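User: Please take a close look at a single part of this structure, namely chain A and its interfaces. A connected account suited to bench work would be appreciated.

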There are 4 protein chains.
Amino acid sequence: MVPEPITDIAHLGHLEITSKVPEKSLWFFTEVLGMTVSAQSGDSVYLRCWDDYEHHTLKLTAGKRTGMRHMAFRTRSPQALERRVAALKGSGFDIGWTDGDVGHGPAFAFHDPDGHRIEIYYETEWYQAPPELRPALKNQAQRFPARGANVRRLDHLNCLAADIKANREFFETYLGFRLTEQIVLDDGREAGMWMTCTNKTYDFAYTLEAHGHKGRFHHLTFALDSREEILRAADIYLENGVHIETGPHKHAIQQTFFLYAYEPGGMRVELANAGARLILAPDWKPIVWTEAERRKGQAWGLKTIESFHTHGSPTLEEMLEDIA
Amino acid sequence: MVPEPITDIAHLGHLEITSKVPEKSLWFFTEVLGMTVSAQSGDSVYLRCWDDYEHHTLKLTAGKRTGMRHMAFRTRSPQALERRVAALKGSGFDIGWTDGDVGHGPAFAFHDPDGHRIEIYYETEWYQAPPELRPALKNQAQRFPARGANVRRLDHLNCLAADIKANREFFETYLGFRLTEQIVLDDGREAGMWMTCTNKTYDFAYTLEAHGHKGRFHHLTFALDSREEILRAADIYLENGVHIETGPHKHAIQQTFFLYAYEPGGMRVELANAGARLILAPDWKPIVWTEAERRKGQAWGLKTIESFHTHGSPTLEEMLEDIA
Amino acid sequence: MVPEPITDIAHLGHLEITSKVPEKSLWFFTEVLGMTVSAQSGDSVYLRCWDDYEHHTLKLTAGKRTGMRHMAFRTRSPQALERRVAALKGSGFDIGWTDGDVGHGPAFAFHDPDGHRIEIYYETEWYQAPPELRPALKNQAQRFPARGANVRRLDHLNCLAADIKANREFFETYLGFRLTEQIVLDDGREAGMWMTCTNKTYDFAYTLEAHGHKGRFHHLTFALDSREEILRAADIYLENGVHIETGPHKHAIQQTFFLYAYEPGGMRVELANAGARLILAPDWKPIVWTEAERRKGQAWGLKTIESFHTHGSPTLEEMLEDIA
Amino acid sequence: MVPEPITDIAHLGHLEITSKVPEKSLWFFTEVLGMTVSAQSGDSVYLRCWDDYEHHTLKLTAGKRTGMRHMAFRTRSPQALERRVAALKGSGFDIGWTDGDVGHGPAFAFHDPDGHRIEIYYETEWYQAPPELRPALKNQAQRFPARGANVRRLDHLNCLAADIKANREFFETYLGFRLTEQIVLDDGREAGMWMTCTNKTYDFAYTLEAHGHKGRFHHLTFALDSREEILRAADIYLENGVHIETGPHKHAIQQTFFLYAYEPGGMRVELANAGARLILAPDWKPIVWTEAERRKGQAWGLKTIESFHTHGSPTLEEMLEDIA
C-alpha cells in the first residue's frame, strides 16, 4: 500500500518583498489594490487583504533591489511544525529558528534548492479590526474597503528556479506539497511546476530561470472573487498609470483568469480569480503540458509575452551588477 | 498540547436522491441544470457536473417518496478509510460494508444520530469523457456543456435533524469534520451547524427539524463560478417554470450567494457560488450566530421564507402518511 | 397616415433634491455611491457620476424636508426647446423662464398635473475634469473613481402621482415621451407608467400615490454596468449601515436588476443595470400589466415590499404636518 | 442657428451574409451563438437573437464566397422613409425599390460610395414566438435559449472601405447618421469612423481597406449583457474549436469589451457588451484618435493583431481570383 501523504503545511501565510521605491509601492498596494496597513516597524510596512485572517500577508520592506525576501507557510498544528523541522534539520537546506516577527511566533527558516528563503511557523496573531474597520458580518475579518481593486486575499507566488525538478522533489519530500500541473520539455527537463497543500489548485508555482541566475522571483498573486472584478482592476490600473504586462486572459494551465502588472518597484503582481476551481481529489494525477501544447498560447489563444520569460525581481541587469 | 485533528475524509463524493417523478427530475438535472448522464442501472440514473472528477456525483433513483437515500464521502487514502471504519465499527452507528456501486468500490455504511445513511469509500472511477464530451483543455474532466445553468460541481448538502448537537459531535468524533459556523438558540440548544473537511467553508449543513421527524432532507447544492451565473440561472428557472422558493440573495451565514428552487420531485435545490471564500486557517474558531442576529435576516436584509422551516424531503404530509 | 412622433427631448439632464440632513446625504452620494462634487453654491452641492457628460446630474440642496425640487430635461436642439416652450405656454402648466443655474443656460419651467416641477433647457456646460480627475481614455468624461459603488450615470426617476393617466397624456402631448410599459388596474385606472425619450426602456416612471397627496417623489436611480456591480453595492451598503429596503432582484416590469436603499435623508435611491436592454423599435407597443400579473411579484418571485407603496419624499407624516 | 439633425433612421434592422459552407455556418449561429431560425426560403435561413423584436436580424444565404450581401436599416416612420428615398433618388447611389422579403415590406436599395448594398424599410413583421419559444415575461420577444453564447441582439457591423471620408459624408448627408469617434492619420486621411443613429455609441463602423479593393466586409457584432458572458463565450468557442482571432479585451475606441472569432465560413464575428455606455448628448463632439494614440494598442495594452488589417469577407485571395 502506498504511504500516506504528508499534510503538515496548512497554507501560504505571507510574503516579504523588498522595493527600491517603497513609498510608491505602498501607494500601489493600499490605494490601487485596496490593501490595509496593519503595522509598521523599521523599514517595513505590514499589509493585509480584507479577507486574510492573519495579522498580515505581505511585509513590504525598503531595499536596494526589488525582490522577494522570504515566503512563509503556516503549519496545521504545533506537532506538524515539529515534524517538518525534524525533517529539515541537517538536510543542508536548514537555516534555523527565528524569534518570529510582528504578527507571528517562532519560525524555522530554510532555503529551497534555488536559494529562496522559506519560513514555517504555527503561532500566529489573528487580525483584530479596529472599530472603523470592523465588518458588518461577524464571519469576516475586516470591512470590505470599497477602494481600488479590493483584493480579497494573498493567493500564491511564483519563483524562478534553474532546476525545477530539484525544487519539486524538495517540496514533495520535506513539506508534503502535491504537484497538480507541470511543464515538461521535449528533452525531459521540467520547466514549470504548480504545487498545492490545500484544495486550491496551487499555492505556488516555480518556472524555469533561463538566464543562469539563482533566487529570482517572478510574481505574487492576489485573489479576487470574479472575472468581472479583474476586468475592473484593469480599468483601475489604466486610470492609475500602472503598467499592464499582459492579460486579462485565461491561463490554459490551471485555468485561472489572470492580469499581470508591475507595481512601482518593478515587481510583477498578478490578480486572479482563484477559488472557483478546486482540487478535491486526494489522488490528483498531475497534468503534464508539452512544448507543443504550450506553443498554442493561453486558453483563448493569447501568446505568452516575451518579458514573461525575462523580467523578474531582481532584474537581469541588477543580477549582473551584483555579480560585478 | 492539543491532539491533532483527524483529516481522513477528503470530500463529499456523491448523493443518492429519490424522486417520485423521476423522468421530470431527470429533465431538470440535465436540461435545466446542464448535468450529464454517465450511467443508468435499474431504476437509477447517474449524473455528473462538468467539473466533477469522479464518475458521478448524483444518483437519481425512482422512489415512492422524494428524499435523500444516502450521502457518500471519499477518504483521503485506503488507510484513512480503514481508520474510520475501525472507529465506527461497534459504535452503534455502523451498518456495514457494501460492495460498492457503479463508479466506486467497497463502501462502509453507517447512519448519523438522526438516521440519515452515510457511506465512506476510497476506490473510485475517474470519469473518462467519451469523444463528443472531451474538453479542449486537458486539465478539465469534461467539456463545458453550454446548456441550461451549467452547474460546475456538487457542492454540499443540508439535512434536517432533531438534535443538532448530537450530530455535530458524531461528525467531529467519528469523521473529523470541523465546525465552521453554527446557530445557538437563547436556551442553549444548537439549531444549525456548518461543517467542513476541506478548505471550503462547509461540505454540509444540518439545521433543526422543528416537527419531530427523523431523517428528513433539506437541500442539495451545486456550485457555480460567479454570482452572475446564479442570476442567469434564475432567468432560466423562470423560463422553465421551475418554482423559485427564495433568492437570489446573500447568506449572512457563510456569505454564499444563493438561489433556492424545487426540482419537479419537490426536492429543494440550491445554486451557490461556493469557492470564492475559503477557510485556510487550520484552527478556525467557529462563528456562533444568536437568535437576535438571525432575526435580522440574510446579509442584505431578506427575511427567511416560512417554507424554509417546514418544507423538506419527504414532506411533512408524507411523513405523517408513512407513520399512519 | 399616422402623424410623426415628437422627438424634441434628448434625455433626462439632472435632478434637484433636498435633504434635511445635507452633510450626511453628501457623504452618501460621494463616499458610498462614488459621485464627484463639481460645484457648490449657497445651500447646494452639484454632483456628478463619472460617465455623465454634463457639469452635474444631481443638485443636492439643504431643506426642511427631503424631496425632489425639480427635474430637468435637455432638448435635442435650440429649435426643439422653442417648440416645446411654444406648446407649453398658456397651457396652464407653464411657470416661465429661469436664467438657468450653475452648469446650464436658460430653462423653461412648468409643472406636471401632479405638481412636480420640471425644467427644459438646451445650453449646457460640458464637464471639464481637473487634472487629478482626467481619465486615461479621451472618450470618457472623468476618471473612474474606484470608490464606493462607482455609479456610472443618473438613469431615471420615479414620481408618485394621484392621476397617472393625466400625467401620461401630459408627457405624451407636450413633450413627446413614449409609453413603453404600464400597469392598468381591473377597474381601468392606470396605476403606473414608464416613459422614454431615448433608446433606454424608460427615462422616468410614475406610480400611483395611494394616500391622496400631490407632488411626492418615489426614487431616483443610478445606472451601473453589470448585475455584479449592483451586488457589490449591496455589500458596500451593508458595510456602511445604509438601509436596504428591497433587492437585489429583477423587476418583471422593464426587467432591470434593482437594489433599493434609503440615503440618510430618507430618500429612496435605486441602483440598476439599465442599458443592456434597449428599445430600438420606433413603434414599440406598450406592455400592459394587470393586477393579477402584478400579484406574482417580481421576475423571480420576490413580493413587493409594503413600504414601496407608502414611503416617499416627503413622508406621509411630513405631508400631514405641512397640511396642519 | 445650426440646422436640426436628420433623425429618420431608427436602427440597424438586419444583415444578409453569404457563406460558402452554409450548413456549418448555420450550426455556428444556432448551436454556438444560440440564435433561433425563424424562417427558411430557397438558399436562405432567417435567424434571430432572443431579444430582437423583428422577425429576423440575420439572413444567412449560401454563396460561392462568404461576404455581406446587404445591410438594412429601419426608418422611424413611413414619412421618414419617404424623405430618405427622396434624398437618395437621383443621387447616383440609388438602386431602387424592392418588394421586400420574408419579414419586412418594401425596401429602397442603394449603395454606399464603396459599393456595399444598403436597404431602408419601415414595414416590418414583429416576431411572434411559437408556444415552445414563448417567454415567461411578456415584455420579451422570445424565451431565453440557455444554449451556447445566448447572443442578445444584433448590435452593429463593420465594413472596409477605401475612402472613409466619402462614406462618412454619405451617411451624414443622406441618412443623418452622427459620427461619434474616428481615426485620422497624420497625413489627414480618415482611417476609421463609428456612426450612430441611436443612443448606442455606434450602429456601424467603417475602417480603411488597405489593399485597394471595394465592397469588403470586416465583421458583424452581437450584443451580450455583461463582460462575464463574453468570457464565457470564449470558453464555448474553445470547446467548439472556433478560431478566436483576438480578445477578449477592451477597445480604447468606444470602450466596448470585445471577442473576435471566425465563423466556419470565415466571416469575423464579434461579441461585445454594447449597451452599458450610451451617448445621450444630442451634440456629441466626435472623438478623434491619432496614429500615435492607436499605436498604444487597445485599452489595457493588447496590440492590434495583424490579421485585423487584412482578413475580410471575401478574402484578399478571393478578391484577386474574382478579378482574374
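Analyst: Helices (H or I, at least four residues) and strands (E, at least two) are DSSP runs, numbered from the N terminus. The model is predicted: local features need pLDDT of at least 70, side-chain atom pairs count only at pLDDT 80 or more, and totals for chains, interfaces and linings use all residues. Residues are numbered from 1 along each chain as its sequence is written, chains are lettered from A and ligands numbered from 1 in the order in which they are written, and side-chain values rest on heavy atoms, with hydrogens and water left out.

Chain A itself comes first. An unreviewed UniProt entry lists "domain: VOC" for residues 11-123 and 153-274 of chain A; its positions are given in the numbering used here, feature names are shortened, and annotations may be inferred rather than shown by experiment. Along residues 11-123 of chain A, 43% of the chain is strand and 19% is helix. The C-alpha atoms at the two ends of residues 11-123 of chain A lie 13 Å apart.

The interface with chain B is taken next. Here 50 residues of chain A are in contact (heavy atoms within 4.5 Å) with 50 residues of chain B. About 4,300 Å² is buried between chain A and chain B, where buried area is the accessible area (1.4 Å probe) that two parts lose on being put together, summed over both. Carbon and sulfur atoms contribute 56% of the area buried between chain A and chain B. On the chain A side, Lys138(A), Asn139(A) and Leu280(A) lose the most area to chain B, and together they make up 16% of what that side buries.

Charged pairs also span this interface. Between chain A and chain B there are 6 salt bridges (a side-chain nitrogen of Lys or Arg within 4 Å of a carboxyl oxygen of Asp or Glu). One of them joins Arg83(A) to Glu4(B), with the closest N and O atoms 2.7 Å apart. Across the same interface of chain A and chain B, 21 residue pairs, both at pLDDT 80 or more, are in polar contact. Such a contact is a pair of N or O atoms within 3.5 Å; within protein, one must be able to donate a hydrogen and the other to accept it, and residues adjacent in sequence count only if both atoms are side-chain atoms.

Four elements of chain A each give two or more residues to the side that touches chain B: strand S1 (9-19), strand S5 (67-75), helix H2 (78-88) and strand S17 (287-289). Of the contributors to that side, H2(A) gives the most, with 5 residues. By residue class, the side of chain A that touches chain B holds 22 nonpolar, 16 charged and 12 polar residues. In this count Ala, Val, Leu, Ile, Met, Phe, Trp, Tyr, Cys and Pro are nonpolar, Asp, Glu, Lys and Arg are charged, and the others, Gly among them, are polar.

The symmetry of the pair can now be stated. Chain A is superposed on chain B by a rotation of 180° with 0.0 Å of shift along its axis, at an RMSD of 0.0 Å; copies are superposed by least squares on the C-alpha atoms of residues with pLDDT of at least 70 in both. The two copies are thus related as by a two-fold rotation axis. Because 100% of the interface residues of chain A are also interface residues in chain B, the copies meet through the same surface.

The interface with chain C involves 20 residues of chain A in contact with 20 residues of chain C. The area buried between chain A and chain C is about 1,600 Å², and carbon and sulfur atoms give 50% of it. Phe144(A), Arg232(A) and Glu239(A) lose the most area to chain C, together 39% of what the chain A side buries.

Between chain A and chain C the count is 4 salt bridges. In one salt bridge the side chain of Arg232(A) meets that of Asp225(C), at 3.5 Å from N to O. The interface of chain A and chain C also has 14 residue pairs in polar contact. The side of chain A that touches chain C consists of 8 charged, 7 nonpolar and 5 polar residues.

A turn of 180° with a shift of 0.0 Å along the axis lays chain A on chain C, with an RMSD of 0.0 Å. Of the residues of chain A, Arg147(A) comes closest to this rotation axis, its C-alpha lying at 2.5 Å. The same surface serves both copies, since 100% of the contact residues of chain A recur in chain C.

Lastly, a link to chain D. Glu228(A) and Arg227(D) meet through their side chains in a salt bridge of 3.1 Å, N to O. This pair crosses between chains, from helix H4 (residues 227-239) of chain D to helix H4 (residues 227-240) of chain A.
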